[in-house]
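This report describes a ligand site and a set of helix pairs. The sequence and the structure come next, and the text then takes the two topics in turn.

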Amino acid sequence: MKRQPLRLAILEATRILEQAGVASPRTDAELLAAHVLGVERGRLPLIPLVDPPVIDAIGQLVAQRAKRVPLQHLTGWAALGNITVSVGPGVFIPRPETELLLEWGLNLLKGRELPVVVDLCTGSGALALAVAHERPDAIVYAVDNDSTALAWARHNADARAELGDTPIRLYSGDVGDNTIFAELDGLVDLVLCNPPYVPPGGELPPEVIDYDPAQAVFASEGGLAVLRLAVATAARLLKPGGGLAIEHDDSHGTAAPAVVSARKVLTDVRDHQDLTGRPRFVTARRA
Ligand SMILES: C[S@@+](CC[C@H](N)C(=O)[O-])C[C@H]1O[C@@H](n2cnc3c(N)ncnc32)[C@H](O)[C@@H]1O
């Protein structure tokens, strides 16, 4: 069987994905090829020729991606901070939008020893596990109310612990339960939260509508219902000087900070943009 140029296979994959309306066709084509070959994307230029079965395998994944199956469901992983987590059906895929929120949280922890951190709405566990990876001395709690998401989080937490990260404490619960983490009232250094926040009826790409769980994406009250609950819980949990960072819809650049400011114990309320310059998360400190 004649070996074929990988470069041409990637060009063809890019063309197919572009036609299918995929947002980043070249990147996705390269990541799928790298996945099939079991190499980092940056090493692809070192592989000029590949066997026909490799071309077939890339073609099959590209066909699925062209049907708008999320890239991360095809590769099985997503990155946040300096870790990757496993993702698939039934769990929200961590997004680059959350990177700066994570960075803000890690900065807040600088100089604090044995900090207590809570990740509300943990999904795959990505935020909690990314913090535990950077801060082995942190005691990290995480909660979600969805059993499928929690199964993914458990799997990811076990995998990170196997790699040597400090284990996180994973709970099933609702952020609207005003007894959740009651034993931590007034003791928490940092609350991070990426809640569902898209207003119902909002237009979203097929990758989100068909694959992200609806309860991970949409929230009632114009997208603010879970954010409100999370802010109330954070206000209770934080110690004086502790910090909150909570992600929001890009249409909530005014509304989300207003929800936070309404809690008089939360001060220094600021809104922040994501990597694309859109309003994306609000931060505050416990007075
Ligand atoms: C946008 S996803 C965020 C997942 C993860 N933090 C991340 O950034 O990838 C929101 C998560 O909140 C969970 N969730 C929704 N409503 C909740 C509630 N009332 N209490 C606890 N978790 C909730 C969903 O199951 C979902 O896993």
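## Ligand site and helix packing

One nitrogen atom of the ligand lies 3.0 Å from a polar backbone atom of Val-175. The model is predicted, and the distances in this report are computed from it. At Cys-121, a polar backbone atom is likewise found 2.9 Å from a nitrogen atom of the ligand. Asn-194 takes part through its side chain: a polar atom there is 2.9 Å from an oxygen atom of the ligand. The protein buries 96% of the 600 Å² that the ligand exposes when taken alone.

The surroundings of the ligand comprise 17 residues, and those that come nearest are Cys-121, Asp-144, Val-175, Asn-194 and Ala-216. Sorted by class, this shell holds 8 nonpolar residues, 6 polar ones and 3 charged ones. Cys-121, Val-175 and Asn-194, which supply the polar atoms described above, are thus among the nearest residues.

The second topic is the packing of helices. The table lists three pairs with the angle and the distance between their axes.

| Helix pair | Angle | Axis distance |
|---|---|---|
| H1 (residues 6-19) and H2 (residues 25-37) | about 130° | 8 Å |
| H2 and H3 (residues 52-66) | about 135° | 9 Å |
| H5 (residues 99-109) and H6 (residues 126-134) | roughly 40° | within 11 Å |

Helix H2 appears in two of these rows, once with H1 and once with H3. How are H1 and H2 placed relative to each other, given their angle of about 130°? They are oblique, because an angle counts as roughly antiparallel only over 145 degrees and as roughly perpendicular from 65 to 115. The crossing of this pair is right-handed.

For H2 and H3 the angle is about 135°, which makes H2 oblique to H3. Here too, the crossing is right-handed.

The axes of H5 and H6 cross at roughly 40°. Angles under 35 degrees count as roughly parallel, and H5 and H6 are therefore oblique to each other. H5 passes H6 in a crossing that is right-handed.

In short, the ligand is 96% buried by the protein, with polar atoms of Cys-121, Val-175 and Asn-194 at the distances given above. The helix pairs in the table are oblique, and their crossings are right-handed.

Terms used. Residues numbered from 1 in each chain as written. Predicted model: local features only at pLDDT ≥ 70, side-chain atom pairs only at ≥ 80, totals over all residues. Heavy atoms only, no water. Near = heavy atom within 4 Å. Polar contact = N/O pair within 3.5 Å; in protein donor to acceptor, adjacent residues only side chain to side chain. Areas by Shrake-Rupley, 256 points an atom, 1.4 Å probe, with all protein chains shown as cover. Nonpolar A, V, L, I, M, F, W, Y, C, P; charged D, E, K, R; others polar. Axes fitted to C-alpha atoms, helices over the stretch in contact; angles between N-to-C directions. Helix = DSSP H or I, 4+ residues; strand = E, 2+ residues; numbered from the N terminus. Left-handed = near helix turned anticlockwise from the far one by under 90°.
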